[in-house]
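Visitor: I'd like a close look at one helix, and then some idea of the chain around it. Could you walk me through that?

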Amino acid sequence: MQPTVYAWQKAPFLRLLVSLIAGIVLQWQLQFSALALLASFALFFTVLFLYNVLPVTKKFRLQWITGFLINSVLATLGALLVWSNNITNNKHWFGNLYSEKDLIVATIEEPLVEKQNSVKAIATINAVYKNGNQQQTTGNIIIYFKKDSNLKLLKYGSVVSFSKSLQTIKNGGNPGGFDYKRYLLFQGITHQVYLTAKDFRTTQTENKKGYKTFIYNCRSWVIATIKKYIGGQKEQGLAEALLIGYKDDLDKNLVEAYTNTGVVHVIAISGLHVGLIYWLLMGLTSPLKKKQTAFVRLLIVLCCLWLFAFLAGAQPSVLRSAVMFSFIATAKVVSRRSSIYNTLALSAFALLCYNPYWLWDVGFQLSYTAVLSIFLFFRPVYNWFYFPNKTLDFLWKLNAVTIAAQILTVPLSIYHFHQFPVLFLFTNLVAVPLSSIILMGEILLCMIAFFPPVAGVVGSFLYHLIYWMNSYVERLNEISFAVWNGLSINLLQLFLLLIFMVAFCFWLMEKQRVLLWAAAVSLLVFISLRSVFIWQASQQKKLVVYNVPGRRAVDVLNGTQTYFIGDSVLLNDDFFRNFHLQPARILHRTASVESNLKSNNFFVDEKQILLISATPKFLSITTKPLVDLLVLSKNPKLYITQLHKQFLLKQVVADGSVPAWKARLWKKDCDSLNIPFYNVADQGAFVMNL
């Protein structure tokens, strides 16, 4: 294994990739104008051109300028890519033309997905009619259709028209919550609308793309084949996710078990699956590795890789993995001396040029860190032990791959998911080889589906394999220490942890003292920061009013303890609790006290908090008590003027359970009385230091 300096010198695209990423991040954070970016790009490019026509002697004296100019050009290019990929900067974006009640014509871009109370679809707005004049537009929205028998007429390519007002997509605004608005913006989706049967009309025309029709037809056929030959709902759902990434039939509890035990990558179709197909194809085509047949081998590998990618639904995660392994295959077949780091950097560079927003995609980050980690550390880890027995050696290889992949992915997993699967070695030891066999079996099943007797035998065999794998993972998940939850690190701590792990591993391999010092310093700073944050958490006293649609949810944070006041469903329902409440508790490093306090009037550090969710009885009083915070919930019959006669109100908050119309009335009353009013449904969660 070569030192890191060697990898850096032999991987020029790694250096270029860093500059591109710097430009992408700077543009997203600072939002430069297109004019400033184009002017900067033209300036740097012109100076670089003029520098190259200078005499050799002057070039030698100013050679440092070359690197600066090239990196500046690439950073500016990254910024321009971010600007151009932002749909709101497109002059044809419907948001620049649309006004409330305008007639909209939209095309459904995917098969409809059934939800609990509605049917969801992504749609592209093709045109907006203003005063009877049609204006061509672009941009995506989410349409939620009310469940109705008429929806059977809707499918991919259907064109609908409606004039119901669009709603801008907003975040919940809860502390530590998922940035849903940014996530959808990166996909070109900015608005949503809910339509009943009377709100829209379908046209006779359909707007389909040939390749998408092929993909969706293939997916439908694969799903039908799996359901025909593989029994059990849990087993069918996992088989669909494993082969084509179709997750709508997955059991939620099963997904949680796979996540907690560190093998969620098995059901999240990604680099693991494409890498397995790549490994199999390279093995099958090894007779063609001679120079005369190398091109034929490459063509076969690439065609099969991309056929699998399209059959798997051409999802971004699959396409990214297909691109990455296409570059690796090309480098291995065509150029035997190519650096794997340069190949990985080149594929990442190409992907980010296509869509710079993939930089924020967790799947993109984990795919590249996992592959890089395996290439860096598999051989050193594998050399820890030697087993003459081939079976034991094979099992150790699987564990070595798992350990090597975890070295760089663990910090990222903690940063994004706030947990560490303690038993990942035991689950991967069984799940990785079993899922590989199942994947190969599913491909075989699709190939022989036209021979029902044989397909039935293969399907039965796959059912038992999936059942055994699910049972194994679920039993491990029942162990109390299977997962270490509630971990919280910020971006700086993430980089410190990565530096420590990389420096320490390379010190073990290279025995260079500077690497040991780098590891020690980064770990010391990491521990120091963590100690400071934990101390700050132990001193905190806060009240959080969450934005949970239709629900009452208040947390009182006292040090590292949490006291909850609100609807009991938020304590009993894992999804509601984990989605709305848990991120804030992890962010504030508190332990959840699963108690639903019934008190509606209490003091915290001499600050009086009053919570009202039902119509109160008003008494005649002579002295009005001071209320530092009034939280209104549900739909009590009262006016702020009545409360103003009873209390000295310093702050009024309406939580997510308050109807929108009533919140508007209360806000109007508060404004007239000069009382600060906060509506969490519009402004996000309310956080008050006590």
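Guide: Here is one helix up close, followed by the cores and the chain as a whole. This is a predicted model, where local features need pLDDT of at least 70, side-chain atom pairs count only at pLDDT 80 or more, and totals for chains, interfaces and linings use all residues. Residues are numbered from 1 along each chain as its sequence is written, and side-chain values use heavy atoms, with hydrogens and water left out.

Let's start with α17, residues 452–477. Helices here are DSSP runs of H or I with at least four residues, strands are E runs of at least two, and both are numbered from the N terminus. From first C-alpha to last, the 26 residues of α17 reach 36 Å, close to the 38 Å expected at 1.5 Å a residue; that expected span is 1.5 Å times one less than the number of residues.

Which way does the helix face its surroundings? Its buried residues include Ala 455, Val 458, Gly 459, Leu 462, Leu 465, Ile 466 and Met 469. Buried means under 20% relative accessible area, exposed over 50%, and partly exposed in between, using a 1.4 Å probe and protein chains only. An α-helix has 3.6 residues a turn, so residues three or four places apart point the same way. The partners of the buried residues of α17 are α7 (210–229), α8 (233–244), α9 (252–260) and α16 (424–447).

Now the cores. A nonpolar core is a set of buried Ala, Val, Leu, Ile, Met, Phe, Trp, Tyr and Cys residues joined through side-chain atoms within 4.5 Å. The largest one has 97 residues, and Ile 141, Ile 143, Phe 145, Phe 162 and Leu 166 have the most contacts inside it. Helix α12 (residues 316–334) gives the most to this core, with 8 residues. A second, separate core of 28 residues includes Tyr 382, Leu 408, Val 410 and Phe 424.

Back in the first core, take Leu 166: leaving aside neighbours within four places in sequence, its contacts include Phe 94, Tyr 98, Ile 125, Ile 141 and His 191. Contact means heavy atoms within 4.5 Å.

Zooming out, the chain has 24 helices and 23 strands, and 47% of its 690 residues are buried. Of the contacts with a separation of 6 or more, 67% join residues 24 or more positions apart. The C-alpha atoms fill a box of roughly 95 × 65 × 60 Å along the principal axes.
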